[in-house]
Amino acid sequence: LKAKVAADKNDKTVRDLVNLMYETSLLASGFTLEDPSQFSNRIYRMVALGLSLDDDSAAAAAADSSDAPALEEVTESNMEEID
């Protein structure tokens, strides 16, 4: 991380990582975040980066998930009935 900061102080990935570490430590300490959606967006970007996904392929993957087959209807439950 230190080498990445030395190479480019304005790298968005480095800023996201530093902010994620800070915000995660806040959450672990029992504090709340001012903007949880910004935190979750950073996590999504880091996951996409880790999976080597760009914005176009992530959008394509989301579109492909809509082509999933329909769920089968369960007519009989295996759960035990309780009186």
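Which helix gives the most to the nonpolar patch? The answer is α2, with 3 residues, and the path to that patch runs through the overall fold.

The structure is a predicted model, in which local features need pLDDT of at least 70, side-chain atom pairs count only at pLDDT 80 or more, and totals for chains, interfaces and linings use all residues. Residues are numbered from 1 along each chain as its sequence is written, and side-chain values use heavy atoms, with hydrogens and water left out.

The protein has 4 helices and 0 strands, giving the pattern α-α-α-α along the sequence. Helices (H or I, at least four residues) and strands (E, at least two) are DSSP runs, numbered from the N terminus. Of the 83 residues, 11% are buried; buried means under 20% relative accessible area, exposed over 50%, and partly exposed in between (1.4 Å probe, protein chains only). The protein exposes about 7500 Å², of which carbon and sulfur atoms supply 55%. Accessible areas come from the Shrake-Rupley method with a 1.4 Å probe, and for residues only the protein chains shown count as cover.

Helix α3 covers residues 36-50, and its end C-alpha atoms are 21 Å apart, in agreement with the 21 Å expected for 15 residues at 1.5 Å a residue. That expected span is 1.5 Å times one less than the number of residues. Within α3, F39, R42, M46 and A48 are buried, and the buried residues of this helix pack against α2 (12-28). After α3 comes S52, whose phi is positive, near 60°.

A closer look at two residues fills in this packing. F39, in helix α3, counts as buried because its relative accessible area is 13%. Its contacts (heavy atoms within 4.5 Å) are L20, E23, T24, L27 and L33, not counting residues up to four places away in sequence. On the α2 side, D16 is buried as well, at 6% relative accessibility. With the same sequence exclusion, D16 touches R42, R45 and M46. The C-alpha atoms of F39 and D16 are separated by 9.1 Å, although the two residues are 23 residues apart along the chain.

On the surface, the nonpolar patch consists of L1, V5, L17, V18 and M21, with about 390 Å² of accessible area together. Patches are made of residues with over 30% relative accessible area and no salt bridge, with like charges joined within 9 Å and nonpolar side chains (Val, Leu, Ile, Met, Phe, Trp, Tyr) within 5 Å; a salt bridge is a side-chain nitrogen of Lys or Arg within 4 Å of a carboxyl oxygen of Asp or Glu. V5 lies in helix α1 (residues 2-7) and, at 31% relative accessibility, is partly exposed.
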